[in-house]
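Hello,

Here is the structure I promised to pass on to you. Please open it beside this message, and then read on for what turned up.

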Amino acid sequence: MHGEPNQLKYTDIHNDVVRSIVETGPNYYIALVTAFALTLICFFFPWFYQLYYGIGAAGMNHPSVWGTYLASFIFWIGLSHSGTLLSCVLHITNSSWRKAMYRSAEAMTLFSLVVAAIMVMVHVGRPWFIHWAAPYPNQMEMWPNFRSPLLFDVMAITTYLTGSTIFIYMGSIPDFAAVRDRTRGWRNTMYSLMSLGWRGTDTEWHRLHWAYTFLAVLIIPLAVSVHSIVSWDFAMSIVPALHQTIFAPYFVVGAIYSGTAGIVTVMFVLRKFMDFGQYITELHFDNLGKLLLVLSLLWTYINVVEVFTGFYSGASGETEALNYRLFGFYAPLYWEMITFCAIAPLLCAFKSFRTSFVPMLVLSIAINIGMYTERFLIVATSLSRQYLPDAWGLYVPSAVEISILLGTFALFTTLFLLFVKVFPSVSMYEVKETMESPKKSPPAASEGSPA
Amino acid sequence: MPNIDRRDFIKLVGAGGVGVGAGVVLRESIKHPKEHLIPHVLAPEDYSSGVATWYNSVCSMCSAGCGISVRTREGRAKKIEGNPSHAVNQGGLCAVGQAGLQVLYNPDRLTGPLLQSANRGSDGFTQITWEDGLTRVASRLDVLRAAGRGNRIALLTRGVGGHLAELLESFAEGVGTDQLHHYDYDHPHALYAANERFFGKQHLPYYDLSNTRHLLSFGADYLAGWLSPVHHSLGFANSRHGGDNRGYFVQIEPRMSPSGAAADEWVPAKPGTEGILALGLAHHIVASGHYEGEDINEWKDVLSAYTLEKVAEETDVSESVLRRLAESFANASPSLAIGGDGAGNNSNGVDTLVAINALNYLAGNVGEVGGVIFNPDPAGATSHSRQANYQTLAQLAESARAGEIDVLILNDVNPVFTMPLASEFKAALAQIPFIVSLSSFIDETSALADVILPSHTYLESWGDAFPEQGVGFSIGAVSQPVIAPLYNTKATGDIVLDLARRIGKPMRWDSTEDCIKDGWNKIYQESDSNTRTESFESFWTALLKAGVWGKKNHLKTDTSRPNANTIASIGVDAPTFSGDAELYPFVLQPYRSGMHDGRAANLPWIQELPDAMTSVVYGSWVEINPKTAKDLGLTEGDLVDIESVEGAVRAPILVYPAIRPDVIAMPIGQGHTNYGRYASNRGANPLEILSPLVDDNSGNVASNATRVKIVATGKHVEIVKTGGKSRDLGRDIVQTTGGDDHTAQTNSIPITVIPT
Amino acid sequence: MNVSIQPALKSLQTAALIAVVAVVGIFVGYFIDFLITDNPEVSAPEQPIAFSHKIHAGDNEIPCQYCHTEARRSPSAGVPSVNKCMGCHNEVATESPLIRQVSEYWENKEPIPWVKVHDLPDFVHFTHKRHVQAGIACQTCHGPVETMDKISVHSRNNDGPTLLASTTGEIMNSETSAVAATQNDHWEMGLCLNCHKQHDVVDGKAVRVDDGGFDNGLDCWTCHK
Amino acid sequence: MSFLDRITEGWRKNRKPGYYEDFDYHWAMTIDLDQCSGCGACVTACQAENNLPIVGEDAFTKGREIKWLRIEHYWEGEYPDVKLNVIPMMCQHCDSAPCETVCPVSATYHNQDGLNTQIYNRCIGTRSCAVYCPYEVRYFNYNDHTWESPLDQQLNPDVSVREKGVMEKCTFCIQRIRQAKDNAKDDGRRRVRDGEVQPACVQTCPSKAMVFGDRNDPQSQVSQSLNDPRSYKVLDELNTNSSVVYLKKVEAEG
């Protein structure tokens, strides 16, 4: 390891980051090709089969008409949360430790959202007509149904996707410029275009900071609303155990929780394989560990409340749904979720745990498995135990569904692997801000301005 | 503008070309494919494309004879509905009746005559021409007839009523055989025998459910299969709608049937003791002074043995329940007791049904509105005298084995499926040198034929029906073709007429239509000349249009009194069962499910119709009491062998809350081995393992008298059913109200009441 | 150090041009196909017998419903039976080669396999009966069939409010008739909706109003069921 | 009508009781559970009339049957005091239907006859309506269904055959309702007579347990039946304002 970050020179940062973009070892290609092949085999081929055959390729039935596709959708939306949201909150609160990791966190947001949007396409029965959910004038004189929570969802996700894209792009402009200045050939052309002619003048810096902060403030309520709206897809129904006021905060907390865990995973990977040891340090893991602890307590609290409300309601539908979730067919999954998401994160109370990388990685993966289970349970248990007992059913995912679920991870990985070769995955200029200014020898002009 | 060099130019041209090509392909691909508009050459008179035409006809899916209206569009039958003006069903129709369309459009239908060119029972059927087929059959028949050995020809047909029965009769006469048998598995032989013994009439009377206030049903599943289920449903509904006089329905049977579920009270008496129970009630009625007839002493004598204590012990029904039932039955007016199915299919079946007749007599229900009403003689022929019971078929098999049958003609009948294995019927058929089948389908029996001359379905051919269980007065209906024949098939009647011509014994009709018309001409001639239409042709047109004909000739005053001998002969023995009670602890009750006797199993709609009680589709199951299941350590879906002395069938367990612990039940209908793609190799046929225990009084097999044991196989299958959890969990989904509430009901919906 | 975006843009010009050309090409191809196949001369499918509506409905002024008798009493307008053709052509133009073809079909008792020109998707349940009875001229949707030798999908009618032969044979114009000729080429939902919004049924006839409202067949189940 | 007006109209429609009194019809059905024997004739009638697919055994095993009308079974008590209560369950055509609000493309909405519509060709298959429906009477086409020739010749030409990815449900036999309206217009009548239109299930019911008609007409059979003291709605506590009303089963004393 190269030691503490403040012993780094500005040049080192540039070199490290540009190297990570320009120099591509065979390992990267192996990883990329593998990920892409897996995406094709696990995601696209089953999906094409499903398009041809119908949703029947999945395991859904009557009455469990929703399945893992929707669970995956919520999961990826949830994963998307921490990225931009966390980045915004930390930006506004001026937490300097965020700066090394926020770029990859935001990328995670972006790609999770993309995957989530694709999951919507996978989920619906006739994706070739999905554009009907968008409001546009047409000869049929038909508009979408503005009362539908699903339509809110479409709107919210599109907005969030747009916001996140602008946010990550804007934050990267100075870094693009930096890369532009250190590359030539087609890369130079590309980064010239992407940096939009950034020169690093004071005015530009001023405007960037202003706009960046403005966007950050704007995105926080947006992010909260997106997952609230996702929760409304369920909470606005009258299905027992779904029709609950607590659902919006539950989903938001769950989203941030799983997203934070996701960041831990991604940071570990970056640190390990991209050689970013100087930038992503124990400090980051320590802080994220604290955050995980707080979120897990919040999440547990909401779960306890949910169980209590169901128990206390005395309504046959609610108690049966609760009983089914806790002790029914899917009960092992429920207790797995409790173990992973409520009990295991308590380890974060120990500093020694928070600052050790591999245990944190294991924990973060466990949390996300638990959180996926949570989403699956929300969909599966509630739908199979509704009002009319004679219409109760059972839902077990099919091979196609499981394959597509795994394929989404491959898809995400592919996108992320492409990302790290295009975007500087650590924000150079912001990392520099956290460093002490070099007093004696300011960087030569040829090294460029702080950008 | 950038400098475009040669290379760039080629790139541009290439891109443009690909783009244009893609555009053309795109537009071509979204175009609609070419379709044709095929007009008529000569449009039929009543045809209008896009407008439905309705034809009235008669349902032939069972023997109830419901009137149907068939909706046709562009010359294709689209939907079968009940004929609202037909007195039997008044617009209603059961599931099987509606699925008749799938008999017509069944993908497994035979499209032309077939000749078995390989071994019998194999798939070696080859297409032949009608000429070829008819010649082959006629030559065989002709040889026998000419040699005066016509009796070596046997005819076995599905129960056919009306003038078609006459036609077959005439054919049998022509070829010189008396071996003409109509065969329906569920023909109520016991009921005929009991009525003959008690009332002196071998007829089915009309059971007036509609007006009765108290119904005791001994095993008769009157809503789902017994005699005329649709008509009984109407009567049931009408009785239920009586406001203050709402009818009270009691079902006495060991396994709850749909009628039992619909009843107000279900009494699980021991199997086979229904008659004893009836006599117990009769005893109480006589003993408590409810009956005051002249022959009271004779009744007292014959019933003395049936005290309530003794009956309670034998039937496993508590004395208080018996007393209450007897009291309410005697006090309600009118009341009605019916018996059949389960109660009639025991070793003491006829005695049981006689006891039930006696109960009706003692309660004063005979010949009364809301009781047992005698139908006038049907206007057309009925087939009962020709109906083959188990003994007749066993006899036929015996003759076949003895080499006394040379030719067997089968018409749409499947005894190989419905006869117990113990009868060795299938093996007997193998001894017959030449078998010809007129079925529309290959089934287990016609698969054994040498020649198959496929007949039309009932929707393509002429026929008529005079439902015998009737409505209390004379009724009849003509079955007319509603669609031009789909395939190269012929009407049964026409095939028979053709054969008769070929063997030099032409009948007096040219065609089936001719025969039916001729028959109706007689009815027309016999009708009251004051009220009838001016010509037969106008009568005929009106008949086809209305789809039904009726004559108000109620037999109101007829009160058949049993004589002293009849009374003295009343008595029900304890039922006997085949198989040792120790080794075979359970009594098997094969019951009729939605598939009728199995003939509807090849209709996908019926396969996909969830069972009325269990919501099972596509398969067989074994119903078993929860307690028994627990004792045996079995749960739903456990595959078991049901073993009787005669053999075993394999089916999964279904825990059924409403069945006696000492009884298990299986639905009839599945277990076909060769009956088209929808029925073959699906489920099990419980009839196979029945013991050939015959009730001598009816000559029919006592199908509820076989003892079995359950042998677990250790395997487990998923029973395919539509329901989830069949418990309400206090959610008040089906709400009920006490006896008082319903009396306030005044806005009852009028249902056409059949005048009696 | 050049930080301007211009050089990068320049170097991309060729690639961008290729992309633009390809995309434009798709539109061009689509349009070319449209031009070729949507020309009435081409798009009108070859019929088994070269029947001319111009001769029958135009020159000889035979009312539409003389042959398409079902139109006023059935959802489908119906194609006349071969018998109907022979009804006249037993006497009329019996020697014409085309009529010979017809009588050949008649003698063989074979139907004439006409090719369908106007087609609605299977999920649209249009009824001729109601529209004909409301006094809407056939030409409103089918275009000036009486001028066509060959029926084509694209019965473009760009002549403005033309005189329309009504279903009963009398002539009415767009002022008196409820419905003006449509200029909409495509039988798409918008075409139906436009008309339904602008018209109401008074005494069984379609009458032009400003806002037909929801009652007037704007319920989706009017056509889709 | 301005955009705003349309929105307010939409709100009014969902809020105001008796909204449908302004219109010609408000279709409703009553089912007398005291007369229903659960025989299943209605199930087959529905299947025949509405082109419901023959899904096959596999689909049943997976729970993918399509039965717009099904019979639900509820056992009560244990042997020997055991009872079976059956109830036909189909789309209740709720006036405050949860499914209508959730469809993002308005493929299901309430029409002016008080019917809960389902427009197959508009449906994109989110299946959310099926989740929102407390009666679970919406059925999804998990794949394209085929009718083995010549079974396809039975298909009702007045009803669309649904493709994969589309939700479907009971329509109260809208094709029959429209046909009846059409006939009324032919006869120069403004209204359909009571009893002139019957959905396939009502028509075929052997025990005449079902009554269908116009609730706006106080003289109609169904209006009278709705006033029966035994009438109740399933899951009424959810305030769905359903148009299918059941009459309680009577538990008489022997």
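Below are some notes on aromatic rings, charges over rings and one interface.

Please keep in mind that this is a predicted model.

Let me start with the rings. Over all chains, the structure holds 66 aromatic pairs. One of them is formed by Trp66(A) and Phe234(A), which meet edge-to-face, with 5.4 Å centre to centre and 80 degrees between the planes. This pair links distant parts of the chain, 168 residues apart: Trp66(A) is in the loop between α2 (26–53) and α3 (68–92) of chain A, while Phe234(A) belongs to helix α7 (residues 202–235). Both Trp66(A) and Phe234(A) are buried. Also in chain A, ring pairs join a cluster whose members include Phe75(A), Trp76(A), Tyr169(A) and Phe423(A).

Charged side chains turn up over rings as well. In chain D, Arg162(D) has its charged end over the ring of Tyr120(D), 5.2 Å from the centre. Arg27(B) lies over the face of Tyr30(C), at 5.9 Å from the ring centre.

Now to the place where chains D and B come together. Here 73 residues of chain D are in contact with 81 residues of chain B. About 6900 Å² is buried between these two chains, and carbon and sulfur atoms give 57% of that area. There are eight salt bridges between chain D and chain B. Asp158(D) forms a salt bridge with Arg71(B), with the closest N and O atoms 2.8 Å apart. On the side of chain D that touches chain B, α2(D) gives the most, with seven residues.

Enjoy exploring, and best wishes!

How values were computed. Residues are numbered from 1 along each chain as its sequence is written. Chains are lettered from A and ligands numbered from 1 in the order in which they are written. This is a predicted model: local features need pLDDT of at least 70, side-chain atom pairs count only at pLDDT 80 or more; totals for chains, interfaces and linings use all residues. Side-chain values use heavy atoms; hydrogens and water are left out. Rings of Phe, Tyr and Trp (its six-membered ring) pair if their centres lie within 6.5 Å; planes under 30 degrees apart count as stacked, over 60 as edge-to-face and the rest as tilted. Helices (H or I, at least four residues) and strands (E, at least two) are DSSP runs, numbered from the N terminus. Buried means under 20% relative accessible area, exposed over 50%, partly exposed in between (1.4 Å probe, protein chains only). A charge sits over a ring if NZ of Lys or CZ of Arg is within 6 Å of the ring centre and within 35 degrees of the ring normal. Contact means heavy atoms within 4.5 Å. Buried area is the accessible area (1.4 Å probe) that two parts lose on being put together, summed over both. A salt bridge is a side-chain nitrogen of Lys or Arg within 4 Å of a carboxyl oxygen of Asp or Glu.
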